[in-house]
Each structure stands twice: as structure tokens, then as C-alpha cells.
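I open a fresh page for a structure I have not looked at before. I will go from the whole to the details.

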Amino acid sequence: MATKFSEIYCLASLIKNDSRLKNLPSYSYNSLCWSYLELGLGYCSSVVSSETANYIIKLTDLIEPTETSYDFVADGIDTVFLLTPPPQINSEIYVALKSGEDYTEVFNYVFDNVAGTVTFDTSPEEAVEILIVTFTDGQFNQTLEYTLKLICAESMNLAFLEEYQNDRKLLNMYVYSNNFKIHSAADHIRANNFVVRDQRVYVERLLTDYSYSNTGQKMMGLLGVLKE
């Protein structure tokens with residue numbers, strides 16, 4: 001049975017709980033999470049040798065997510081819009097109407113994934129621009145046990161932290177508390193580096209422990225699997 005990427009994204013708590021990302025359109029969030037997962041998988045592959053940790057093969061046997069955008073202009077009459085090319089089977093969908101300079105998501109429609117149509121309850125007003133985006137989740141083709149899902153999720157978190165390593169808002173979110181005060185730019189950089197370092201150590205420990213428990217030679221699953 002396959003493992004949907006969304007199962008991994010739910011475990012990536014730093015990303016999932018970031019207030020800056022909660023208002024992203026669903027397709028944008030899906031694409032962003034895939035970017036972090038892709039970086040995280042690359043990090044795992046760079047740390048662990050697939051020759052001794054054969055579970056890495058599970059992490060390369062995957063189907064990447066897809067995304068297709070469709071743009072329409074309403075004529076005030078039609079309620080049915082045909083999506084060409086047709087969306088992937090089991091696609092999710094985002095539909096928005098343009099108001100001024102911004103798009104606002106709407107839900108007064110029916111999406112027929114097989115026929116590739118979006119049918120509105122009533123036609124959008126004439127000349128209104130319609131944005132429709134279909135997207136798929138992506139998946140690992142093999143079943144990943146919880147520990148391997150967690151490794152993927154924490155690798156995503158590592159990629160996320162590295163990207164925003166010098167972002168003060170991120171630092172305040174994750175390392176600022178009543179017992180820890182930041183008084184200078186140097187303190188900020190040093191503290192943020194500690195956060196990233198600790199996350200990297202955590203991911204490597206997860207990889208080492210999992211490698212140890214999933215090799216026939218056992219001890220080869222410890223430092224023996226880590227690339228020099």
C-alpha cells in the first residue's frame with residue numbers, strides 16, 4: 001500500500017504550525033511542502049549509504065505531485081467549465097474568483113474529476129476572472145512505517161529551518177522564551193544556528209537508530225552507514 005505525502009506533511013509540525021503558511025492556497029501549500037520534502041530526502045540520501053541502509057530505496061520509489069492551472073473569464077451565462085487538459089485522477093482542486101487585484105477562494109461548485117468539469121451553482125458575473133488549479137498529493141509507492149515517516153517529516157523541518165536560518169521572526173517562534181532573551185544580532189545568529197544544528201543532529205540520530213534496527217548486521221547500521 002502506498003504512503004501519501006500528506007501523511008508526512010501532517011507530522012512536519014514546524015511547517016504545519018507556522019502562522020505565515022496557514023493562509024496559503026491549498027495548492028501552494030502542497031507545492032511548498034513537496035519542496036521541503038524533496039530537500040529533506042536529498043539530505044537523507046547524502047547522510048546514509050543506500051548500500052547498507054536499503055530502506056533508502058523506499059524513499060526513492062515515489063510519484064511526485066502534479067499541479068495544473070486553468071484560467072477562464074466568465075460570460076455571466078455559462079456555469080460549466082471544461083478543464084483542458086483533463087486533470088489527473090484523484091486530483092484535489094482550488095477554485096477562486098478575482099476581485100480587484102486578489103483572488104478569493106469559492107466553494108459554490110461541483111468538481112467532476114472523471115469528466116474534467118467544474119460546475120458552478122450560478123454563473124460567475126460577466127468578465128470575472130476564474131482561477132482553477134488541480135493538484136495531486138504525491139506518494140511513496142511503498143508503505144512507510146511511522147518511524148520512517150517521522151524521519152521524512154523531521155528532514156522537512158530541517159530544510160525549513162535552514163531556509164529561514166537568518167529570519168528573526170522564525171527565531172522568535174522557536175527559541176524565544178521567558179528564560180532566553182536575545183539582545184543583539186550576534187545572539188540572534190548564534191541562537192538560530194543552535195536551532196538548526198540541533199535539528200540536524202536529531203535527524204541524523206533518527207537515521208542512525210533506524211538504520212541500526214533495520215540491517216541484518218545491526219552494528220553496521222550505526223556509524224557504518226553514515227557517509228564520511
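**Surface and overall make-up**

I start with the surface. The protein exposes about 12,500 Å². Carbon and sulfur atoms supply 52% of that area. I note at once that this is a predicted model.

Next I look up the size and the interior. The protein has 228 residues, and 41% of them are buried. I list 7 helices and 10 strands.

I also look at contacts with a separation of 6 or more. Residues 24 or more positions apart account for 74% of them.

**The sheet with β10**

In which order do the 3 strands of the open sheet run? I read the order as β1-β10-β2, with antiparallel pairing. The edge strands are β1 (3-4) and β2 (62-63). Each of these two pairs on one side only.

I then follow one pairing in detail. β2 and β10 (residues 139-140) are antiparallel and share 2 bridges. I63 has its bridge partner, Q139, in β10.

**The β7-β8 hairpin**

I move on to strand β7, residues 109-112. Which side chains of β7 are buried, and which are not? Y109 and F111 point to one face and are buried. V110 and D112 point to the other face and are not buried. I recall the general rule: in a regular strand the side chains alternate between the two faces of the sheet.

β7 pairs with β8 (residues 117-120) in the antiparallel sense, over 4 bridges. F111, one of the buried residues of β7, has V118 in β8 as its bridge partner. The two strands form a hairpin with 4 residues between them. In the turn I find G116, with a positive phi of about 70 degrees.

**Backbone exceptions**

I keep a reminder here. Most residues other than glycine have a negative phi, and most peptide bonds are trans. I now write down the exceptions I looked up.

Where is P85 found? P85 is in the loop between β4 (80-82) and β5 (92-99). The peptide bond from T84 to P85 is cis, with omega near 0 degrees.

N90 lies in the loop between β4 and β5 as well. Phi of N90 is near 65 degrees, a positive value, and N90 is not a glycine. Is N90 buried or exposed? N90 is exposed, with a relative accessible area of 63%.

A127 is another non-glycine residue with a positive phi, about 75 degrees. I place A127 in the loop between β8 and β9 (129-135). A127 counts as exposed, at 54% relative accessibility.

**Cysteines**

Last, I search the whole structure for disulfides. How many does the search find? The result is 0.

I check C10. The nearest cysteine sulfur, that of C33, is 9.1 Å away, and C10 is in no disulfide. C10 is partly exposed, with a relative accessible area of 49%.

I check C152 too. C152 is in no disulfide, and its nearest cysteine sulfur, that of C44, is 6.1 Å away. Why does C152 not count as paired? A disulfide needs two cysteine sulfur atoms within 2.5 Å, and the nearest one here is 6.1 Å away, so C152 does not qualify. C152 is buried, with a relative accessible area of 1%.

How values were computed:
Residues numbered from 1 in each chain as written. Predicted model: local features only at pLDDT ≥ 70, side-chain atom pairs only at ≥ 80, totals over all residues. Heavy atoms only, no water. Buried < 20%, exposed > 50% of the residue type's maximum accessible area, 1.4 Å probe, protein only. Pairing = 2+ DSSP bridges. Contact = heavy atoms within 4.5 Å. Areas by Shrake-Rupley, 256 points an atom, 1.4 Å probe, with all protein chains shown as cover.
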